[in-house]
Amino acid sequence: MKYLFSYWKDFCKQLRKAEVIFLFFDYDGTLTPIVKKPELAVLSHKMKCLLKKLASQKWAQITVVSGRSLEDVKNVVGLNRIIYAGNHGLELEGLKLKYTNKKALNIRTDLNAIYKRLVENLSTYTKLLIEHKGLTLSVHYRLEKNKKRLNRIFKILKNTTDIYVKQKKIRLARGKKVVEIRPRINWNKGKIVLWLLEYFKQKISLRNTLSIYLGDDTTDEDAFNILRKRGVSIFVGSPKRKSLAKFYLRNTEEVADFLEKIINYRQL
Ligand SMILES: [Mg+2]
């Protein structure tokens with residue numbers, strides 16, 4: 001990965017040419033630093049102002065693609081003129097667009113059953129946060145530091161979900177201190193980004209567009225993969241990490257700098 005700010009001049013050439021810039025952001029760890037509990041991840045005043053400013057530009061279209069539920073991500077960002085994609089792209093809303101993955105809807109009964117059993121089976125582990133996000137579940141274990149207890153938690157998780165995994169209804173995915181229980185369907189952040197880019201292509205007949213994706217976690221890799229050839233992929237975090245992204249920025253402050261630089265550049 002290359003440090004984006006070391007290639008700023010090259011990047012500006014792309015910025016200059018683009019009639020519209022499609023900016024895709026993950027939320028946690030990208031627009032806000034990773035915190036102990038999901039509800040503590042609040043946009044900084046600076047970041048919110050920058051996003052708001054960008055969202056009001058004719059040449060920019062922002063989409064936030066999060067693992068949170070659609071309602072949740074809409075609430076935490078709280079800005080208009082932005083497209084929101086929740087549950088890793090299983091649902092999307094904004095600018096008169098609406099999408100819900102039908103296959104994901106079909107396994108909701110199973111998901112409810114799994115949720116109920118997980119809450120029961122893990123009730124003694126009070127540091128866990130088991131979250132029902134409508135179309136997916138999340139088990140956050142950031143606050144549980146005890147290794148033995150964690151191993152037991154993973155075992156219970158596996159035992160509780162195994163039958164559904166074998167029936168190919170769900171799959172488990174690891175993120176930063178979180179296990180996600182998702183419908184087993186071929187849909188992810190990359191697919192929803194592609195879906196949107198196709199939509200934009202039909203809707204707006206522009207020759208020069210630039211698509212940029214910023215993310216910090218394993219679930220963002222699918223989107224990096226899509227953007228590798230047709231845009232700019234930016235990993236947020238340590239460059240030592242293996243990632244499909246072409247560029248990196250070190251942290252969310254640098255993401256804010258990046259947005260500021262784009263705004264300043266385009267307004268010149
Ligand atoms: Mg993230």
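**Sheets, helix packing and domains in a predicted model**

In helix α8, which spans residues 221–230, the buried positions are Asp222, Ala223, Phe224, Ile226 and Leu227. These buried residues of α8 pack against the strands β2, β3, β11 (209–215) and β12 (232–236), and also against helix α7 (189–203). The model is a predicted one, and the features described below are computed from its coordinates.

The domain assignment divides the protein chain into domain 1, made of residues 2–101 together with 187–267, and domain 2, made of residues 104–183. The C-alpha centres of domain 1 and domain 2 are 28 Å apart. Contact between them involves 17 residues of domain 1 and 16 residues of domain 2. On the side of domain 1 that touches domain 2, nine residues are polar, five are charged and three are nonpolar.

One open sheet contains nine strands, arranged in the order β1-β13-β12-β11-β2-β3-β4-β5-β6, and its pairing is mixed. Strands β1 (2–3) and β6 (97–100) occupy the edges and have a single partner strand each, so that one side of each remains without a neighbour in the sheet. Towards the β6 edge, strand β5 (residues 91–94) is joined to β6 by four bridges, and the two strands run antiparallel. Within this pair, glycine 94 has leucine 97 of β6 as its bridge partner. Helix α2 (residues 45–55) packs on the sheet, where it touches β2 (20–25), β3 (60–65) and β4 (82–86), and its direction makes an angle of about 130° with that of β3. Helix α3 (residues 70–77) likewise packs on the sheet, touching β3, β4 and β5, with a direction at about 140° to that of β4.

Two loop residues in this part of the chain have positive phi values without being glycine. Histidine 88, which is placed in the loop between β4 and β5, has a phi of about 55°. Because 30 C-beta neighbours lie inside 10 Å of histidine 88, this residue counts as buried, the cut-off for burial being 20 or more. Leucine 95, in the loop between β5 and β6, has a positive phi near 50°. With 14 C-beta neighbours inside 10 Å, leucine 95 counts as partly exposed, since that class lies between the limits of 12 or fewer for exposed residues and 20 or more for buried ones.

Besides its packing on the sheet, helix α2 packs with helix α9 (residues 252–267) at an angle of about 35°, the axes of the two helices being 10 Å apart. The crossing of α2 and α9 is left-handed. On the α2 side the contact is made by Lys46, Met47, Leu50, Lys53 and Leu54, and on the α9 side by Ala256, Leu259, Glu260 and Ile263. Of the residues in this contact of α2 with α9, six are nonpolar and three are charged, with no polar residue among them. Methionine 47, a residue of helix α2, touches Leu31 and Ala256 when residues up to four places away in sequence are not counted. Methionine 47 is partly exposed, as 19 other C-beta atoms lie within 10 Å, whereas a buried residue would need 20 or more. Between methionine 47 and threonine 63, which are 16 residues apart along the chain, the C-alpha atoms are separated by 15 Å.

A further open sheet is formed by four strands in the order β7-β8-β10-β9, with antiparallel pairing. Its edge strands are β7 (129–132) and β9 (170–175), each of which pairs on one side only. Neighbouring strands of this sheet are turned against each other by 20° on average, with direction ignored. Strand β8 (residues 137–140) and strand β10 (residues 178–183) run antiparallel and are joined by four bridges, and valine 139 stands opposite valine 179 in β10. Two helices are associated with these strands: helix α5 (residues 108–121) lies across β7, β8 and β10 and runs at about 20° to β8, while helix α6 (residues 147–166) lies across β8, β9 and β10 and runs at about 140° to β9.

Conventions: Residues are numbered from 1 along each chain as its sequence is written. This is a predicted model: local features need pLDDT of at least 70, side-chain atom pairs count only at pLDDT 80 or more; totals for chains, interfaces and linings use all residues. Two strands pair if DSSP finds at least two bridges between them. Two residues are in contact if their C-beta atoms, placed from the backbone, lie within 7 Å. Axes are lines fitted to C-alpha atoms, for helices over the stretch in contact, and angles run from 0 to 180 degrees between N-to-C directions. A crossing is left-handed if the near helix is turned anticlockwise from the far one by less than a right angle, and right-handed if clockwise. Ala, Val, Leu, Ile, Met, Phe, Trp, Tyr, Cys and Pro count as nonpolar, Asp, Glu, Lys and Arg as charged, and the others, Gly among them, as polar. Domain bounds come from an automatic or database domain assignment.
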